[in-house]
Amino acid sequence: MENGFEEFAASELPRLLALARALTANSHDAWDLTQEALVRVGVRWSRLASQNPGGYARTVLVRLNIDRIRRLRRELLGPAVPDADAPVQLSGELDDSLQQALATLTPKQRAAVVLRTVEDLDHATIAELMGCSVPTARSHLSRGLDRMRIALADTPEHQEARP
């Protein structure tokens, strides 16, 4: 690889892995997505180094996740593999109730919610990353947040927080 990629990969790895973990809710899938995103950035490093390689990596990661979900829908899945520790420890793990609420969302709603709340992106950027129009991204975000409010309303932590 050319100069600078190793430093980029080392500095972006925790952020990309946290985003992937929030998108997939599975440490193994998150690690796979992160590795594939970094490979794709590395292959194009000479063109990306002077631009925004972090943004490109996040876009690739989100789109790889959407493709992964599409593939999973077409496959007949066997018994689930137990979720072991991630190869890299994440800082700021999501609590169980939040993970369960995220699991109730469709993949596109989950992507929109994660990109808005974790990455703090605006609607236009979310739409660009997801490969859809701005109104569609807003719709996914709105419906996802509504679903999460409903799912979290039943958890004891959030019932205590209500006035």
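This report walks through helices, a core, a pocket and two unusual loop residues in one predicted model.

The model is predicted, so local features need pLDDT of at least 70 and side-chain atom pairs count only at pLDDT 80 or more, while totals for chains, interfaces and linings use all residues. Residues are numbered from 1 along each chain as its sequence is written, and side-chain values use heavy atoms, with hydrogens and water left out.

**Helices**

Helices here are DSSP runs (H or I, at least four residues), numbered from the N terminus. Helix α2 covers residues 27–43. Its 17 residues reach 24 Å from first C-alpha to last, close to the 24 Å expected at 1.5 Å a residue. That expected span is 1.5 Å times one less than the number of residues. Asparagine 26 caps the N-terminal end of α2. A side-chain oxygen of asparagine 26 lies 2.7 Å from the backbone nitrogen of histidine 28.

Buried means under 20% relative accessible area, exposed over 50%, and partly exposed in between (1.4 Å probe, protein chains only). Buried residues of α2 include Leu33, Leu38 and Val41. In α6, 8 of the 11 residues are buried, so this helix is largely enclosed by the rest of the structure. Among them are Gln109 and Arg110.

**The core**

A nonpolar core is a set of buried Ala, Val, Leu, Ile, Met, Phe, Trp, Tyr and Cys residues joined through side-chain atoms within 4.5 Å. The largest one has 39 residues, and Leu61 and Leu115 touch the most other members. The largest share of this core, 9 residues, comes from α1.

**A pocket**

On a 1 Å grid over the protein atoms alone, a pocket is an open set of points where a 1.4 Å probe fits, with protein on both sides within 12 Å along at least five of seven lines; lining residues have an atom within 4 Å of a point. The second largest pocket holds about 160 Å³ of space. Helix α4 gives the largest share of its lining, 4 residues. Tyr56, Arg58 and Glu128 are among the lining residues. By class, the lining has 3 nonpolar, 4 polar and 2 charged residues.

**Two positive phi values**

Most residues other than glycine have a negative phi. Two residues in loops do not follow this pattern.

| Residue | Phi | Loop | Relative accessible area |
|---|---|---|---|
| Alanine 25 | near 60° | between α1 and α2 | 29%, partly exposed |
| Aspartate 120 | about 55° | between α6 and α7 | 63%, exposed |

Notes: Grid points are joined across faces, edges and corners, and a volume is the space filled by probe spheres set on the points. Helices (H or I, at least four residues) and strands (E, at least two) are DSSP runs, numbered from the N terminus. Ala, Val, Leu, Ile, Met, Phe, Trp, Tyr, Cys and Pro count as nonpolar, Asp, Glu, Lys and Arg as charged, and the others, Gly among them, as polar. A polar contact is a pair of N or O atoms within 3.5 Å; within protein, one must be able to donate a hydrogen and the other to accept it, and residues adjacent in sequence count only if both atoms are side-chain atoms.
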